[in-house]
Amino acid sequence: MSSLVYEFPLNEKCRNYLRLNELLQQIHLCRELSAHGQATALFKALLDIMELLERCDVRTDLAKDLEAQRNKLAAWSQVPGVDAAALAQLEGQLGQLAQQLPRAARLGQLLREDKLLTAVRSRFAIPGGLCPFDVPQLHYWLHLPAVRQQQDIDGWQAQLQLLQQGLELLLTLWREAGQFRTQQAVGGFFQDSAELTEMIRLRLPAELAVYPVVSGNKYRFTIRFMPVGNHDPGNTDFELANIK
């Protein structure tokens with residue numbers, strides 16, 4: 001039976017992590033520009049990342065969270081049978097990223113100075129604002145040889161590489177550490193403590209005609225399972241993992 005996993009952040013820091021990670025994945029998927037519309041999606045993701053990085057500087061929080069994961073791994077070195085070499089390699093990655101992030105230039109600064117991205121950004125909020133007469137620079141760029149386009153895309157991605165490496169490593173460790181437990185939402189409603197929880201993960205059978213809506217803060221969270229159509233959710237069995 002197939003399943004769906006939903007992730008819900010319980011603080012602003014984690015919301016920013018998940019949003020940035022999603023946008024970085026979109027850039028990766030669209031970077032080849034192999035289908036119509038991918039250029040628009042690529043620029044939209046780049047501009048959204050620039051907007052998020054202007055609102056918050058995630059370097060400090062990300063470095064602290066990576067260092068916290070490194071400290072947790074240190075305890076595993078005493079466990080009999082653990083792969084010491086793999087553990088040491090992972091600890092080294094975490095330590096290197098935790099040191100590099102605070103020392104790096106403000107993330108996205110060079111993107112904000114890019115002339116093409118600046119031109120696209122100024123017109124993106126206008127409905128249909130990317131027509132050739134609105135942004136002739138973009139029209140020109142879209143007709144450059146693919147090799148030249150990929151060079152520019154590689155350059156933009158390089159400005160975000162440190163952020164991407166840190167987020168991917170942290171989120172992978174969080175997800176692997178969170179153990180799913182079977183729970184039941186009585187009448188489609190569930191509530192639990194959110195103490196020290198960064199985000200929650202929910203796993204549901206894909207065939208179940210409901211979707212979760214989560215609200216919460218640093219103390220408690222609630223989940224309501226909303227029916228698709230006129231379906232009554234009743235008592236809903238699901239799996240829950242608290243990421244701390």
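Let's start with Gln69. Gln69 sits in helix 3. This is a predicted model, by the way. Is Gln69 buried or exposed? Its relative accessibility is 9%, so Gln69 counts as buried; the cut-off for that is under 20%. What does Gln69 touch, once neighbours within four places in sequence are set aside? Leu94, Leu170, Leu173 and Trp174.

Three of those names come back in the next contact. Leu170, Leu173 and Trp174 belong to helix 9, and they take part in the meeting of helix 3 with helix 9. So, on to that pair.

Helix 3 covers residues 59-76, and helix 9 covers residues 161-177. Their axes are 10 Å apart, and the packing angle is about 45 degrees. That makes helix 3 oblique to helix 9. The crossing is left-handed. From helix 3 we have Leu62, Asp65, Leu66 and Gln69. Facing them in helix 9 are Leu163, Gly166, Leu167, Leu170, Leu173 and Trp174. By class, this contact has 7 nonpolar residues, 2 polar and 1 charged.

Next pair: helix 1, residues 12-30, and helix 2, residues 38-55. Here the axes come within 9 Å and cross at roughly 155 degrees. Helix 1 is therefore roughly antiparallel to helix 2, since angles over 145 degrees count that way. This crossing, too, is left-handed. On the helix 1 side, the contact includes Asn16, Arg19, Leu20, Leu23 and Leu24. On the helix 2 side, the contacting residues include Gln38, Ala41, Leu42, Ala45 and Asp48. The classes for this contact are 13 nonpolar, 3 polar and 2 charged.

Now the sheet. What is the strand order? It runs 1-4-7-2, in an open sheet of 4 strands with antiparallel pairing. Which strands stand at the edges? Strand 1, residues 3-9, and strand 2, residues 181-185. Each has a single partner strand, so one side of each has no neighbour in the sheet. From one strand to the next, the twist averages 35 degrees.

Look at the pairing of strand 4 with strand 7. Strand 4 is residues 199-205, strand 7 is residues 236-243, and 5 bridges join them. They run antiparallel. One position to find on screen: Arg201, opposite Ala241 in strand 7.

Last, helices against the sheet. Helix 9 packs on it, touching strand 1, strand 4 and strand 7. The direction of helix 9 makes about 60 degrees with that of strand 4. Helix 1 lies across strand 1 and strand 4, at about 130 degrees to strand 1.

So helix 9 meets helix 3 and also packs on the sheet. Helix 1 contacts helix 2 and lies across strand 1 and strand 4.

How values were computed. Residues numbered from 1 in each chain as written. Predicted model: local features only at pLDDT ≥ 70, side-chain atom pairs only at ≥ 80, totals over all residues. Heavy atoms only, no water. Axes fitted to C-alpha atoms, helices over the stretch in contact; angles between N-to-C directions. Helix = DSSP H or I, 4+ residues; strand = E, 2+ residues; numbered from the N terminus. Parallel < 35°, antiparallel > 145°, perpendicular 65-115°, else oblique. Left-handed = near helix turned anticlockwise from the far one by under 90°. Contact = heavy atoms within 4.5 Å. Nonpolar A, V, L, I, M, F, W, Y, C, P; charged D, E, K, R; others polar. Buried < 20%, exposed > 50% of the residue type's maximum accessible area, 1.4 Å probe, protein only. Pairing = 2+ DSSP bridges.
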